[in-house]
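Visitor: I'd like to learn how to read a model like this one feature by feature. Could you walk me through it?

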Amino acid sequence: MARQFQFDLQATDGKARTGVISTTRGDIRTPAFMPVGTAATVKAMLPENVRATGADILLGNTYHLMLRPTAERIDNLGGLHNFMNWERPILTDSGGFQVMSLTSLRKLTEKGVTFKSHVDGSQHHLTPERSMEIQRLLGADIVMCFDECTPFPAEEDVALESMRLSMRWAQRSRDAFGDRPGHALFGIQQGSVFREQREESAENLKSIGFDGYAVGGLAVGEGQEAMFEVLDYAPDMLPADKPRYLMGVGKPDDIVGAVARGIDMMDCVLPSRSGRTGQVFTRRGALNIKNARHQDDPRPIDEHCTCPACRNYSRAYLHHVFRTGEIISSMLLTWHNLHYYQELMTRMRDAISEGRFDQFQRDFHTERAKGDL
Ligand SMILES: CNc1nc2cc3nc[nH]c(=O)c3cc2[nH]1
Ligand SMILES: [Zn+2]
C-alpha cells in the first residue's frame, strides 16, 4: 500500500523538530511554510514559480472557493489540483475563520453559520458536514475541521463556551469526513490564552483522533508576546508524533519563535500580500521599496538572495515599477518574499538537523539588529 499520510520525525533540537510528511501527492519537509493560494492562485505567481521558491504545499480557502467558482464546479473540472495546475499537496481551511473575518451579516448557531457573501450578498450556510463536503469536492489532501476561532480578547467563560462548541464541531467534522485513505483530517485546538482550556481542548481532540493538530485561536491580535506565552505550553499538549500546525503565522520572527516551540507547519498571507504593498523581507528585517531612498540604489533587495528579483534587478528598478504600478512589481516582490520565507524554512530545517538551532536563532536576531537596510 502506498504510504498514505505519514509524519516521520527526523531530528529534534530542544523543542524544535524537523521531519517529512509523506502524502500521496508528494513529501512536505517540516518545518514547512504554506503559501496562501486563496482563490485557486497564489496571487501574482505561476504555480511552477511557487514551486521554484521551495514550497511543498499550498493553502486554499474554502470560503472563497465555495462562493466562486463553487466547489461543485471545481469538482466537475477535476478538482482543485487540476484546476489550478498544482499537483503537490494542498491544505484547505474549513471556511469558518473567513466567514467571521470577511462577512458582516452572519448568524452562528449550534448547527453552523449562516452568512451573506461579501461578493454578491447571497445567503450561504456552513456546517461541519458541509465544510467536509466542500473540502472533499475540492480534493484537498489535508482537510481542516470546521471550528470557531475564538475572538481575542475573550472573557474566560466566553472562550470556554467557544472552545467547547469547536470541540463538538470537531467530532461532527470527524464523523462527516469518514474514512478517506490518502486524505488527512486535522483538528484545531482552541482555548484562547487560558491554559486549562487549551488542555481540555487538546484532550478532547486526542480522544476523537486526528492525522494532525492545529493550534488555533492565535494570530488574532494578541501580539507576539502573548502568542509565544501560549506556544510555550500549547503545542506540547498535542501528540508528538503528529504534525502541529500554527494557523495564520506570520512575520519571520514569529515563525522562528514558533518553530523553537515545537510547531511543524504554518501559513500566512504576509509574504504575498505585503509584497504587493512594496514590503520586502531581508535577513536584516523588512523594508518598503516605495520609499524614495531606494530610487537611485543599484543594489539588489538582498545580496545573499538568489531569487530572480535579487539576481536581475536593482532596488531602483523595483522602486520604479512599484511606483508606476507595473504588474511586474507584484510578480517580483511576491517571488522574493516567498523565496525568502522558504529559504528561512530551509535554514531552520538544516539547523535543527545539525543540532545548532540555538545558534541559528542568535544569528537570526543579530543579523536583524545590524539594520542598514
Ligand atoms: C491570520 N491569523 C489567523 N488565521 C487563522 C485561521 C484560523 N482558522 C481556523 N481556526 C483558527 O483558530 C484560526 C486562527 C487564525 N489566525
Ligand atoms: Zn530575493
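Visitor: Let's start with packing. What covers the buried residues of H13?

Guide: Keep in mind that this is a predicted model. The cover over the buried residues of H13 includes helix H11 (270-276), E16 and H14.

Visitor: And which residues of helix H13 are the buried ones?

Guide: Helix H13 spans residues 315-323, and its buried residues are Arg315, Ala316, Leu318, His319, Val321 and Phe322. After H13 comes Gly325, with a positive phi near 70°.

Visitor: You listed H14 in the cover. Which residues does Ser329 touch, leaving aside those up to four places away in sequence?

Guide: Ser329 sits in helix H14, and its contacts on that count are Val321 and Phe322. Both of those are on the list of buried residues of H13. Ser329 itself counts as buried because its relative accessibility is 3%, and the cut-off for buried is under 20%.

Visitor: Is Asp350 buried or partly exposed?

Guide: Asp350 is in helix H14 too, but with a relative accessible area of 35% it is partly exposed. You can also check a distance there: the C-alpha atoms of Asp350 and Phe360 are 9.6 Å apart, with the two positions 10 residues apart along the chain.

Visitor: On to the metal. Which atoms coordinate the zinc ion (ligand 2)?

Guide: For a metal site, list the donors, then look at the angles. Here the donors are SG of Cys305, SG of Cys307, SG of Cys310 and ND1 of His336, at 2.1 to 2.3 Å.

Visitor: Why is the arrangement around the zinc ion (ligand 2) called tetrahedral?

Guide: Start from the ideal: four tetrahedral donors have angles of 109.5 degrees at the metal. In this model the 4 donor atoms subtend angles of 102 to 112° around the zinc ion (ligand 2), so the arrangement is tetrahedral.

Visitor: How are the donor residues of the zinc ion (ligand 2) spaced in sequence?

Guide: The spacing reads C-x1-C-x2-C-x25-H. Cys307 lies in the loop between strand E16 (285-288) and helix H12 (308-312), while His336 is in helix H14 (residues 327-353), so this pair ties together parts 29 residues apart in sequence. Cys307 counts as buried because its relative accessibility is 1%, and His336 counts as buried at 0%.

Visitor: What about the other ligand? Which residues surround ligand 1?

Guide: For a bound molecule, take the surrounding residues, then the polar pairs, then the buried area. Ligand 1 is surrounded by Phe97, Asp147, Cys149, Ile188, Gln190, Gly216, Gly217, Leu218, Ala219, Val220, Met247 and Gly248.

Visitor: Where do polar atoms of the protein approach nitrogen and oxygen atoms of ligand 1?

Guide: A side-chain N or O atom of Asp147 is 2.7 Å from a nitrogen atom of ligand 1. Gln190 has a side-chain N or O atom 2.9 Å from an oxygen atom of ligand 1. With Leu218 the backbone takes part: one of its N or O atoms is 2.7 Å from a nitrogen atom of ligand 1. As for area, ligand 1 taken alone exposes 370 Å², and the protein buries 84% of that.

Visitor: Ala219 is on that list. What is its phi near?

Guide: The phi of Ala219 is near 55°, which is positive in a residue other than glycine. Ala219 is in the loop between strand E12 (212-215) and helix H9 (224-231), and at 34% relative accessibility it counts as partly exposed. Asn85 is not a glycine either, and its phi is positive at about 60°. You'll find Asn85 in the loop between helix H4 (80-84) and strand E6 (90-92).

Visitor: Which peptide bonds should I look at for cis geometry?

Guide: Look at omega. The bond from Arg68 to Pro69 is cis, with omega near 5°, and Pro69 lies in the loop between helix H2 (62-67) and helix H3 (71-76). The bond from Val249 to Gly250 is also cis, with omega near 0°. Gly250 is in the loop between strand E13 (244-246) and helix H10 (252-260).

How values were computed. Residues numbered from 1 in each chain as written. Chains lettered and ligands numbered in written order. Predicted model: local features only at pLDDT ≥ 70, side-chain atom pairs only at ≥ 80, totals over all residues. Heavy atoms only, no water. Donors = N, O, S within 2.8 Å, 3.2 Å for Na, K, Ca; no water. Tetrahedral: all angles 85-135°; square planar, octahedral: opposite > 155°, others 65-115°. Helix = DSSP H or I, 4+ residues; strand = E, 2+ residues; numbered from the N terminus. Buried < 20%, exposed > 50% of the residue type's maximum accessible area, 1.4 Å probe, protein only. Near = heavy atom within 4 Å. Polar contact = N/O pair within 3.5 Å; in protein donor to acceptor, adjacent residues only side chain to side chain. Areas by Shrake-Rupley, 256 points an atom, 1.4 Å probe, with all protein chains shown as cover. Contact = heavy atoms within 4.5 Å.
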